[in-house]
Amino acid sequence: MRINPKLFIGLGLLLVLGYSLQDLVLGDNQYVAGVAKARKEKNDSFRRATDSPLSAEQRNEFDSLRYFAPDKTYRVSAQVERFAKPETVQIPLTDGKADTYLRWGRASFELADAPQQLVLLLRPDEKDGKLFVAFADKTNGFTTYGGGRYLDVDLPAEGDDELTLDFNQAYNPFCAYGTAYACPVPPQENRLAVEVRAGEMAFPETDHTGHNH
């Protein structure tokens, strides 16, 4: 019995497509599981007196931080421009003082169908190989903390001109949980004119009626 070669080609294409779809689904599931694991660990750390920015009273009532559902749309690849001579800048803090950073470079990417840019900062005493991004967006003061949020980004290897900005990892400064902290204020050039509906949401506050909002 002769078998049409086109049948083998068709079956091969179906197998390739099936494996590709499986990798895509498993990859998404693994990503979501990884995000959920990191969020659970952070919740656990907030319950411990030694690690938590929450007061004893807040910890007694604490259940969980609030987050947007993981969305890989907000995990973007960005082109990196390294500044030839990173300048030292003073980033204002919420208490009126300032912290020193190096203005290391700029990330250019697309979000909400529009080009965006964020300046990448480096702490002078950074030991973990992380760049610091303090940013604001159109959700601040509504679904997210009014003072903006932060991202920690892996320092690219020498010669790399891309990095990943995962806004699902965006987190609140400690100032979102109480007034005892002084936190860097996002620079003007890092104020995005779009909504970033990803990452940590506003911390629930208790009003005079005892209700969270």
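From the N terminus onward, the elements of the protein chain follow the order α-α-β-β-β-β-β-β, which amounts to 2 helices and 6 strands. The model described here is a predicted one, and the values reported below were computed from it. Of the 213 residues of the protein chain, 37% count as buried, and the structure holds 13 salt bridges.

The pairing of the strands may be considered beginning with strand β1, which spans residues 75–92. Strands β1 and β2 run antiparallel and are joined by 10 bridges, with V80 having A107 of β2 as its bridge partner. These two strands form a hairpin in which 5 residues lie between them, and G96, located in the turn, has a positive phi of about 95 degrees. Strand β1 also pairs with β6 in the antiparallel sense, in this case over 5 bridges, and V76 stands opposite L165 of β6. Within β1, Q79 is partly exposed, its relative accessible area being 41%. Although Q79 and F109 are separated by 30 residues in sequence, their C-alpha atoms are 6.4 Å apart in space.

A further antiparallel pairing connects β4 with strand β5, the latter comprising residues 149–154, and extends over 6 bridges; in this pairing, A134 has Y150 of β5 as its bridge partner. Strand β4 covers residues 130–135, and because 5 of its 6 residues are buried, the strand is largely enclosed by the rest of the structure.

Two residues with backbone angles of note occur in the loop between β2 (98–111) and β3 (114–122), where A112 is placed and where D113 is placed as well. Most residues other than glycine have a negative phi. In contrast, A112 is not a glycine and yet has a positive phi of about 55 degrees, and D113, likewise not a glycine, has a positive phi of about 60 degrees. With regard to solvent accessibility, A112 counts as exposed at 52% relative accessibility, a value to be read against the cut-off of over 50% for exposed residues, while D113 is exposed with a relative accessible area of 75%.

Side chains of opposite charge can pair when their charged atoms come close. In helix α1, which spans residues 5–47, E41 and K37 are 4 residues apart and are therefore separated by about one helical turn; the two residues form a salt bridge in which the closest N and O atoms are 2.6 Å apart. Of these partners, E41 is partly exposed, with a relative accessible area of 42%, whereas K37 counts as exposed at 53% relative accessibility.

A second pair within helix α1 consists of D44 and R47, which are 3 residues apart and so are again separated by about one helical turn. The salt bridge between D44 and R47 has its closest N and O atoms 2.8 Å apart. Both residues are partly exposed, D44 with a relative accessible area of 26% and R47 with a relative accessible area of 39%. Through salt bridges that share partners, K40, D44 and R47 are joined into one network.

A salt bridge of another kind with respect to sequence separation is formed by the side chains of E200 and K42, for which the N to O distance is 3.2 Å. This pair links distant parts of the chain, since E200 belongs to the segment after β6 and K42 to helix α1, the two being 158 residues apart. At 1% relative accessibility, E200 counts as buried, the cut-off for buried residues being under 20%.

Charged residues also contribute to the surface in the form of a negative patch, which is made up of E158, D160, D161 and E162. One of these residues, D161, is found in the loop between β5 and β6, the latter strand covering residues 162–166. The relative accessible area of D161 is 45%, and this residue is therefore classed as partly exposed.

Definitions and conventions: Residues numbered from 1 in each chain as written. Predicted model: local features only at pLDDT ≥ 70, side-chain atom pairs only at ≥ 80, totals over all residues. Heavy atoms only, no water. Buried < 20%, exposed > 50% of the residue type's maximum accessible area, 1.4 Å probe, protein only. Pairing = 2+ DSSP bridges. Patch = residues over 30% accessible without salt bridge, like charges linked within 9 Å, V, L, I, M, F, W, Y side chains within 5 Å. Areas by Shrake-Rupley, 256 points an atom, 1.4 Å probe, with all protein chains shown as cover. Salt bridge = Lys/Arg side-chain N within 4 Å of Asp/Glu carboxyl O. Lys, Arg positive; Asp, Glu negative; His and termini not counted. Charge placed at Lys NZ, Arg CZ, Asp CG, Glu CD.
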